[in-house]
Amino acid sequence: MNNLGESLKQIWDSCINSIADISATMEIMNLELPSAIFTLIIRWILPLLAITILWRCILPLLQVRKQKAVWGYLYSRGGAKTPIKHWENSIGRSNSSDIVINLPYISKNHAVLTFRDGTWFITDLNSKNGVKVNGEKIEKTASLTPGDVISLGGKEMVLFPGEKEAGQAPQLDIISSFISSSKQVKTGVTFFLILLFQALGCLQVCLSMGDNLNPIIPQVFLLFIFVECLFYFITRQYSRKYFELELLCFFLCGLNLLIVASAAPHSLFTQLLAIVFGIAVYMAIEAIIRDLGRANRLKYILVASALVLLVLNLTIGEVRFGAKRWIDLGFITFQPSEFVKIAFIMAGTATLDRLLTVRNMTAFIGFTAICVGSLVLMRDFGMVVVFFGAFIVIAFMRSGDLRTIALTSSGAVLGAIAVTSFIPYIATRLEAWGNVWDHAYTIGYQQTQTMIAAASGGLIGVGGGNGYLSGIAAADTDLVFGMLCEEWGLLIAFIAVFIIVFFSIYALLLTKKCRSSFYAIAACGAASIFLIQTALNVLGSVDVLPLTGITIPFISRGGSSMIASWGLLALIKSADERLRPKTKKYYIKEGDRS
């Protein structure tokens with residue numbers, strides 16, 4: 001009986017313990033089940049939202065403009081009327097000229113007709129037979145007024161502005177004629193979807209942290225959403241603008257904050273400040289360079305500032321991870337080379353009259369040599385690749401001389417071989433290139449962990465804050481593509497990369513109808529930097545290219561990179577012909593047409 005009683009007591013105790021265990025398990029499940037369900041749902045919803053946002057943003061940008069702004073006309077004897085469709089128009093016998101005059105006494109590149117600050121100018125390109133205005137030969141450049149007679153080696157044409165309506169006096173009505181065929185896109189829904197994406201992503205990260213939630217995460221996202229709404233509504237209210245590019249950047253900045261929230265939540269507020277400063281820089285540059293005169297003045301200011309930054313970097317710069325690319329002022333640390341990128345692109349810009357009359361690029365090549373040489377001394381070789389790639393793009397757009405560019409590239413390759421031979425830091429990185437799995441626990445550790453994490457994320461990811469790559473050094477900077485793939489999925493990672501690639505595609509499309517070569521070069525130069533940086537980061541993290549320590553624009557953590565990325569975006573936006581240019585209106589009397 002005693003044995004039976006002890007057995008029953010043991011069974012009773014076991015039941016009590018089992019019930020207690022089940023109750024504890026249920027309590028745990030009740031706490032985690034909502035989070036698990038939310039994560040499962042969000043892992044499918046967010047990629048669908050990202051695809052929708054991408055489609056709604058790029059579709060309007062790809063629409064073909066059926067109408068083209070006509071800034072004026074050139075009337076020839078006999079009644080022929082040639083429309084002037086750009087602020088800068090090359091005139092000559094060459095088929096590549098904007099206005100082709102196929103006559104033997106016209107030079108291949110004879111003159112350039114330009115529009116500056118409400119005034120027309122004609123520039124002689126050292127032609128054989130010269131340029132006359134109202135019968136007087138010009139030395140270099142002369143201003144024009146509607147009705148002036150232009151003579152190119154005896155070929156006479158009369159400049160007239162575009163006519164507003166038939167039967168009315170001709171009028172240079174720039175604003176009224178500047179009409180795009182594509183209807184204004186209603187961006188409200190797209191903007192709401194971006195805010196929804198960011199809110200759901202923030203909630204996902206917060207739930208994944210549970211009791212360890214850092215309260216700064218929801219606070220920063222609320223502030224960011226407020227900044228986005230403020231920017232959106234103010235610009236919609238007080239300016240005639242199109243927001244597709246800005247919306248794409250807001251989407252990328254939201255991903256940036258989600259990445260930082262998971263890997264380095266203590267840096268969230270600093271990163272938000274960088275985004276705010278970046279937006280301010282974007283708005284300032286965009287406003288300034290709408291006017292070509294101001295844009296040229298800004299170019300020289302930026303070049304001078306860049307030279308000062310490079311000198312400071314070489315003298316008081318701080319070495320981190322083998323490269324001397326940081327300046328620590330105590331209250332702030334920044335990377336000067338990021339800001340030099342904007343000055344570098346601006347230094348390569350030029351209007352058409354300058355491009356065709358000054359064929360050599362001595363000044364720009366000299367500035368490039370200073371920038372690249374300084375970066376070599378800093379051992380920032382990833383940035384060297386970025387600057388040199390942008391130089392190739394700008395040099396081709398300025399000259400079109402493939403032979404000179406090929407020789408320059410050959411010299412750069414020889415220099416790169418010499419650098420890798422004499423600097424152990426670079427040689428070590430190249431040693432791991434293509435063989436990171438053989439060095440999985442040493443020099444190839446970061447890349448192998450990145451590839452493992454990216455593969456584990458699959459198409460839809462494991463959920464924000466649930467990845468393990470965030471604990472690896474440089475996960476939110478150099479290895480950010482792997483972190484995107486792991487936590488948010490391959491679909492969202494590819495969409496983010498495609499957006500940056502699309503910036504390059506869009507810049508190329510803008511150049512075909514760009515009102516000035518200044519804006520065309522600026523847009524393509526900025527886009528080339530975006531493209532090269534993204535390629536180096538993504539392909540370097542998966543061992544297709546050597547790991548260079550380059551960030552992905554808008555996505556990687558870093559205040560200097562974020563501000564510079566917004567500044568470069570302003571250069572692309574400046575080439576968008578839908579922006580209303582600041583011009584004047586000119587009237588001429590009907591009797592002056594004769």
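In the predicted model, Asp476 is buried, at 4% relative accessible area. The side chain of Asp476 forms a salt bridge with that of Arg557, with an N to O distance of 2.5 Å. Asp476 sits in the loop between α14 (445–457) and α15 (480–511), and Arg557 in the loop between α16 (517–541) and α17 (559–573), so the bridge ties together parts 81 residues apart in sequence. Arg557 has a relative accessibility of 30% and therefore counts as partly exposed.

The whole structure holds 5 salt bridges. Another of them joins Arg325 and Asp380, whose closest N and O atoms are 3.1 Å apart. Arg325 belongs to strand β14 (residues 323–328), whereas Asp380 lies in the loop between α10 (362–378) and α11 (381–399); the pair therefore links parts that are 55 residues apart in sequence. Buried means under 20% relative accessible area. Arg325, at 12%, is thus buried. Asp380 is buried as well, at 1%.

A further salt bridge pairs Glu286 with Arg290, at 3.8 Å from N to O. Glu286 is buried, with a relative accessibility of 3%. Arg290 is partly exposed, at 27%. Side chains of opposite charge can pair when their charged atoms come close.

Helix α7 covers residues 292–316. Asp291 caps its N-terminal end. A side-chain oxygen of Asp291 lies 3.0 Å from the backbone nitrogen of Gly293. The helix has 25 residues and, at 1.5 Å a residue, should span 36 Å; the end C-alpha atoms are 36 Å apart, so expectation and model agree. The buried residues of α7 are Leu292, Ala295, Leu298, Lys299, Val303, Ala306, Leu310 and Asn313. Lys299 and Asn313 thus appear in this list beside residues such as Leu298 and Val303.

The largest nonpolar core contains 150 residues. Within this core, Ile122, Phe197, Phe503, Phe554 and Trp566 touch the most other members. Helix α15 supplies the largest share, 18 residues. In soluble globular proteins, nonpolar side chains tend to be buried together.

Phe197 illustrates the packing. Apart from neighbours within four places in sequence, Phe197 contacts Leu46, Leu49, Ala50 and Ile53. Its contacts also include Phe251, Leu255 and Leu258. Ile492 is a further partner of Phe197.

Notes. Residues numbered from 1 in each chain as written. Predicted model: local features only at pLDDT ≥ 70, side-chain atom pairs only at ≥ 80, totals over all residues. Heavy atoms only, no water. Helix = DSSP H or I, 4+ residues; strand = E, 2+ residues; numbered from the N terminus. Expected span 1.5 Å × (residues − 1). Buried < 20%, exposed > 50% of the residue type's maximum accessible area, 1.4 Å probe, protein only. Polar contact = N/O pair within 3.5 Å; in protein donor to acceptor, adjacent residues only side chain to side chain. Salt bridge = Lys/Arg side-chain N within 4 Å of Asp/Glu carboxyl O. Core = buried A, V, L, I, M, F, W, Y, C linked by side-chain atoms within 4.5 Å. Contact = heavy atoms within 4.5 Å.
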